[in-house]
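Thanks for coming. I'll go through one structure today, pockets to begin with, then helix packing, then a few backbone details.

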Amino acid sequence: VAALAALDGRLCVQTSSLTSPNVLWDAVDDGAGGWRWTKLVDSADLHRALLQSAAAAPGAAARAHALEALAAARLERVEVGDAEALVLLPPPAAGGGGAPWVLRPHGGPHASSLDAFSVDVALLLSLGIAVVLPQFRGTLGYGKAFGDSLLGRAGIDDVEDCAALARAALARFPDEIDAARGAVFGGSHGGFLGAWLVGSPRHRDLFRAAVLWNPVVDLPAMVGTTDIPEWCAAEGFGEAELRWPLSADELLTLRERSPLSAVADVRASVLVLLGSGDERVPPSQGRQYVSALQAQPSPPRVEVNEYPGEGHSLAGAEANAHAVQSAVAFLREHLTK
């Protein structure tokens, strides 16, 4: 739920869920402590009406299929200790068998995966791909202790939670999810987690492919180039403030917490998506990761798309659409064969 505007006892509110696209509401104070709600626009109904019109645009059938798949998807939860994951299961495939799956860790790390509409999740579900959204240690919404517990432990506890939650989902839904067809797709700190998961000898066999969107991969290099250097200190070694110069031990700790240190163990195919104007996680991070993968004696398949002038979120309409479609196409290629 998001309040978009407020004026004289009236709210413009947007609602959605992981299985339902946006609905716009007019909410009016009824003067008795409640609200009178009027639906203004239901984007799913709008699309259905357009699909039935004589001027239906190309691709209408695909959009109709995506809406049907989204409405038929099932939302479940799995827990491991205090961590949990939202698990979205697509409708059963016509030929039977378990669905391929994607682990989709959020960024931050002090953020969360909300039960709100997501274009990439909807596209994956429309392709018959299950999605696992892990709420690892450091995630907001589970209490202060849970959120603060990751400070100084990034690259350790968050990685272990993501792997444990993925395995818990696979164990709970063995008939609905094909454990052998998994991938990870994350941006920023989610990309950090994705790079760690495919580089960890204990977890890499879970994943055929990874999509890393402006990923953090090298904390010692990032600390001097990002616009939030204190983030590296807080997540890497638990310090509230960054004190210069860093000691040799602090730099070593940051290196040990960086997924670049595990690049030699990557076997999955990797797509890296970068914004050339990113000041939060400079594109040199992703470029360095690509170069390190390509320099291995037996390098995995690695691709990179870099978007000129784009920042951390690749927010430009064309860049964002291209990045999302590239990610989904890459995952489909590696998971549905």
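**Pockets, packing and backbone**

The second largest pocket holds about 410 Å³ of space. It is lined by 18 residues, and those closest to its centre are R63, A66, F117, A122 and L123. I should say now that this is a predicted model.

Where does the lining of that pocket come from? At least two residues each are supplied by strand 3 (20-29), helix 1 (43-52), helix 2 (60-72), helix 3 and helix 11. Helix 2 gives the largest share of the lining of the second largest pocket, with six residues. By class, that lining has 11 nonpolar, five polar and two charged residues.

Now the largest pocket. Its volume is about 600 Å³. The lining has 24 residues, and R104, H106, G107, S118 and D120 lie nearest the centre. Which elements each supply at least two residues of that lining? They are helix 3 (119-126), strand 9 (177-187) and helix 11 (317-335). The lining of the largest pocket divides into 11 nonpolar, 11 polar and two charged residues.

Helix 3 is on the list for the largest pocket and on the list for the second largest pocket. How many of the eight residues of helix 3 are buried? Six of the eight are, so helix 3 is largely enclosed by the rest of the structure. The buried residues are D120, V121, A122, L124, L125 and S126. Two of these have come up already: D120 is among the residues nearest the centre of the largest pocket, and A122 is among those closest to the centre of the second largest pocket. After helix 3 comes G128, with a positive phi near 80°.

On to helix packing. Two packed helices are described by the angle between their axes and the distance between the axes.

Take helix 5, residues 157-172, and helix 6, residues 189-199. Their axes come within 10 Å and cross at roughly 70°. Helix 5 and helix 6 are therefore roughly perpendicular to each other, as angles from 65 to 115 degrees are counted that way. On the helix 5 side the contact is made by D158, V159, C162 and A163, and on the helix 6 side by H189, F192, L193, W196 and L197. Those residues comprise seven nonpolar, one polar and one charged. As a reminder, an α-helix has 3.6 residues a turn, so residues three or four places apart point the same way.

The other pair is helix 8, residues 229-237, and helix 9, residues 248-256. Here the axes are 10 Å apart and the packing angle is about 80°. Helix 8 and helix 9 are therefore also roughly perpendicular to each other. Helix 8 contributes C232, G236 and F237 to the contact, and helix 9 contributes E250, T253 and L254. By class, that contact has three nonpolar, two polar and one charged residue.

Next, the backbone. Most residues other than glycine have a negative phi, and most peptide bonds are trans. Here are some exceptions.

Which peptide bond is cis in the stretch before helix 3? The bond from G108 to P109 is cis, with omega near 5°. P109 sits in the loop between strand 7 (99-103) and helix 3. W244 and P245 are also joined by a cis peptide bond, with omega about -5°. P245 is in the loop between helix 8 and helix 9, the pair I described a moment ago.

For positive phi outside glycine, S188 has a value near 60°. S188 lies in the loop between strand 9 and helix 6. Is S188 buried or exposed? It is buried, because its relative accessible area is 16% and the cut-off is under 20%. L314 also has a positive phi, near 50°, and lies in the loop between strand 12 (302-307) and helix 11. L314 is buried as well, with a relative accessible area of 0%.

Last, R137. This residue is in the loop between strand 8 (130-135) and helix 4 (144-148). At 27% relative accessibility, R137 counts as partly exposed. What does R137 touch, leaving out residues up to four places away in sequence? The contacts are F146, S149, L150, D157, D158 and D161. D158 is also one of the helix 5 residues in the contact with helix 6. The C-alpha atoms of R137 and A154 are separated by 9.2 Å, with the two residues 17 apart along the chain.

Note on methods. Residues numbered from 1 in each chain as written. Predicted model: local features only at pLDDT ≥ 70, side-chain atom pairs only at ≥ 80, totals over all residues. Heavy atoms only, no water. 1 Å grid on protein atoms, 1.4 Å probe; cavity = no way out; pocket = protein on both sides within 12 Å on 5 of 7 lines; lining within 4 Å. Points joined across faces, edges and corners; volume = space filled by probe spheres on them. Helix = DSSP H or I, 4+ residues; strand = E, 2+ residues; numbered from the N terminus. Nonpolar A, V, L, I, M, F, W, Y, C, P; charged D, E, K, R; others polar. Axes fitted to C-alpha atoms, helices over the stretch in contact; angles between N-to-C directions. Parallel < 35°, antiparallel > 145°, perpendicular 65-115°, else oblique. Contact = heavy atoms within 4.5 Å. Buried < 20%, exposed > 50% of the residue type's maximum accessible area, 1.4 Å probe, protein only.
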